[in-house]
Amino acid sequence: MKKMLALLLATTLTAASLAGCGGGGETSGDATNAATEAAASGETAAPVASDGSLKLAVTTGDGSTTDDRIPTPWYNRILATNLMYRGLFLADSTLTEVEPDMAESYEVSEDGLVYTITLKDGLKWSDGEPITVDDVQWSIETALEAAQINSIYTAAFKTISSIATDGNTITLTLSEPYAAMLDVLAQFAILPKHSLENADPLKLESDTFWTAPVTSGMYALDELNVGNYFTLKVNENYEGEAPKIEKVTCYFVSDYVTAAQAGNTDYVYGNAADLVEALQNMSNFNAHEVDVLFYKYFIFNMKGIDGNENPAMQNVEVRKAIIEAIDRATLATLYPTANVLNSGVPNYDPAYNGFEYTFDAEKAKADIAASGYDMSRTLKICYYNNDQTTIDLINTVVYYLQQAGLTVEATLSNDGTTDLFTTRDYDLGFKGKSAFSIDEWYTEYMSTDGLFANIFGGDTSFDALVADLSKAVTEEDRNAVLTELQALEQEKVYKVPVFTVGTYVFTSNRVNIPEGVEFCNPLYMCDLDFENWELAQ
Amino acid sequence: MLKFIIKKLLMMIPMLLLISFIVYFGLQLTGIDPINFMVSPEMLSANKENVEALRESLGLNDPLIIQYFRWLGNCLRGDLGYSFDGSSIASIIKVRLPYTFELAGYSLVLSAIIGIGIGIISAVRQNGVIDYVGRVLAVLGQAVPQFLVGIILIQVFSIKLGWFPSANRVSPDATNAFVDAFQHLFLPVLTLTIGMVAVLMRYARNTMLDVLNSDYIKTARSKGIPEWKVYLKHGFRNAMKPVLVILVFRIPMLVGGSVVIESVFSYPGIGLTMTNAIVSGDYPIVLVTTLIIAAAMLICSFMVDVFNALLDPRVRLGE
């Protein structure tokens, strides 16, 4: 019996240990060696991939992306979708200078109302069908009916009053000038009408098309393995220069950092302090800092469009004093790269009006007391990001406000949009916004805004200026409007920016990126000279 | 016996209905609006009309009770419906559930072999080296949360050593499906197994010790029956009954436990699907996946009753 039991245990344990050793060593010997060497040299290293594909990670952890289809290009333009879909134009890293991409040429009328765009000859979808101006027209018209789409497209395309096509030329006639139209068109992915015309525009994002998409970019889908990965191969019908990297593998992951550490991605982006710190500490990743308009800001719960007011926040002096009580410069140190700002216009922008909210705890305390604010009530803060940096920031804000004599309670929301704009059981909200341009910051003040009108009471005083901003074509006009807008927002104090957060793009040293490539906001598309990216041998 | 089985099976129906009702309304109480996860706040700001049309088309404007009974009616007709992001739930289940069963199945088998094996040896060699080591491991296995074990295993075996992948279930370009499956399953299975081994080990040890101190074991020994026969025929057989009950009851816990483990390992099973659905307020998926776990629990409970009846003649079924 003793021998039998001993034999049973020994067999079990031996099988388990053999299985553990054998499987890993057999298929990833290179990886093991590389990681071991790196570990020996004290570096944080990921195993080197053994195949010849560029690895990307697509996160599904936030509930916005599913792992049973490829991500679509009308919501965010991540690198994977940028490799598959192109637009009429291609932007540079500032996203404000564009060159023709699918367009051969274009012309804008002097009054900025008519855009005449000629498509290149011989463009083809990955299934061999020709790309025509009908696809462009259908895409623009469908975008206006879609629900799951980046609002920059609907904001721009709403101004298009008519679309005419003639041969390879499409003419967009606008009802009013829209200064950023070309910039928006450079982000807008043209989709194949012949594959999608029967899809419901409201649910275009979830159409089965995305499990076997027809593409226009330099890559086409090779394989989708639900829940695991999708691979891209070079699109044989792409008329441009073929990319040097022949295969791209995109893994569905729930955590970018682990994916990077385990060698499952060569490209990571983000601005969260923990992510940036972890990637900066990895010797096999190179950091590229990108200046983007990612606002972190406070909003005041003022008044609903139903007239339901929050009495405690009606006095502008109270709102100003609350901001004075918070040391935003110190809060900015919580992030790797954060620039404090005082309006929607960054301090480095020529249109910045020079105004500053200064931190003065004593003055803030006196101002709050003088404003008649009921010091016995509890000031409620609502926020929805549950990362540690945001929690630290909110705890610090609570501390500052308590120093000003206030009783403060902070609540983490599961559904920020509902709690900030529908439930509205708070005084001071904290949120973030990744903006395509400054215009998006000011659009939130519009009385017609679907969300912010619920807390700013549908105030119409910004409307005309915001409309002027979208029409301002020259820099002079634009700066003049922005100056007025800043003055108005600093007078009203409905929302106050804390800072903009810089974003980082990290690329692994497996990837050789051509000289001179500048990364843009990683949620948009720009010319990265990707066709000349190479994998290190 | 047949009457007992039919009665137990019929009782599952109202229980599942009650569970679905509680889960459905419980989810509504979380206040999560699925639209907010499908549509960006900027879109809500800029074009509320299209968003409202989407809400209407998903039936989210109907009263909760109507939404619930519409969902229930479809389920009873065999139509599990669609998630809010448009995926067929039947397709999701078809792809994901086998992954979870695979994970849970291997963990169950492995933990049963290791847990019961070490438990028995610990009892036979009470206060020996294996017993002490086993007891320490049992406490550790139960005390350390599974997700932490998973993270530690990823750090060591995926990141530092590079032996096993840290995520997913299948690799592109895998030349050998068996090796690929083994590599992807090893760490999540090990994580689930560690927790379960601890429970089984303790339980097997304690029941075996109780049995070995029984009068009939002493009688067997006094009759001169060889020691191995005493352990195996008289001790092991009798000690296994309560251990088997625990083992069967762990099956639904394995499926439930995989919710956490699948998230840690980005393992595309039903647990990860459920986690993502909870985050984004995708009620149809949460309901179906919750019901699957509840059904597994009820079926296992039913199996335990039947096993008990079969193994122990003192249990009188349906009488």
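**Exercise 1.** Determine which residues A:L279 is in contact with, leaving aside its neighbours within four places in sequence.

*Solution.* Two residues are in contact if their C-beta atoms, placed from the backbone, lie within 7 Å. On this criterion, the partners of A:L279 are A:V257, A:A260, A:V268, A:F285, A:A287 and A:F506. The model is predicted: local features need pLDDT of at least 70, side-chain atom pairs count only at pLDDT 80 or more, and totals for chains, interfaces and linings use all residues. Residues are numbered from 1 along each chain as its sequence is written, and chains are lettered from A and ligands numbered from 1 in the order in which they are written.

**Exercise 2.** Identify the strand order of the open sheet in chain A that contains β19, and state which strands stand at its edges.

*Solution.* Strands are DSSP runs (E, at least two residues), numbered from the N terminus, and two strands pair if DSSP finds at least two bridges between them. The three strands follow the order β11-β19-β12, with antiparallel pairing. β11 (267-270) and β12 (285-290) of chain A each have a single partner strand, so they stand at the edges, with one side of each left without a neighbour in the sheet. Between β12(A) and β19 (residues 503-508) of chain A there are six bridges. Within β19(A), A:S508 is the residue opposite A:F285.

**Exercise 3.** State how many residues each chain gives to the contact between chains A and B.

*Solution.* Chain A gives 66 residues and chain B gives 64. On the side of chain B that touches chain A, α6(B) provides the largest share, nine residues.

Notes
Helices (H or I, at least four residues) and strands (E, at least two) are DSSP runs, numbered from the N terminus.
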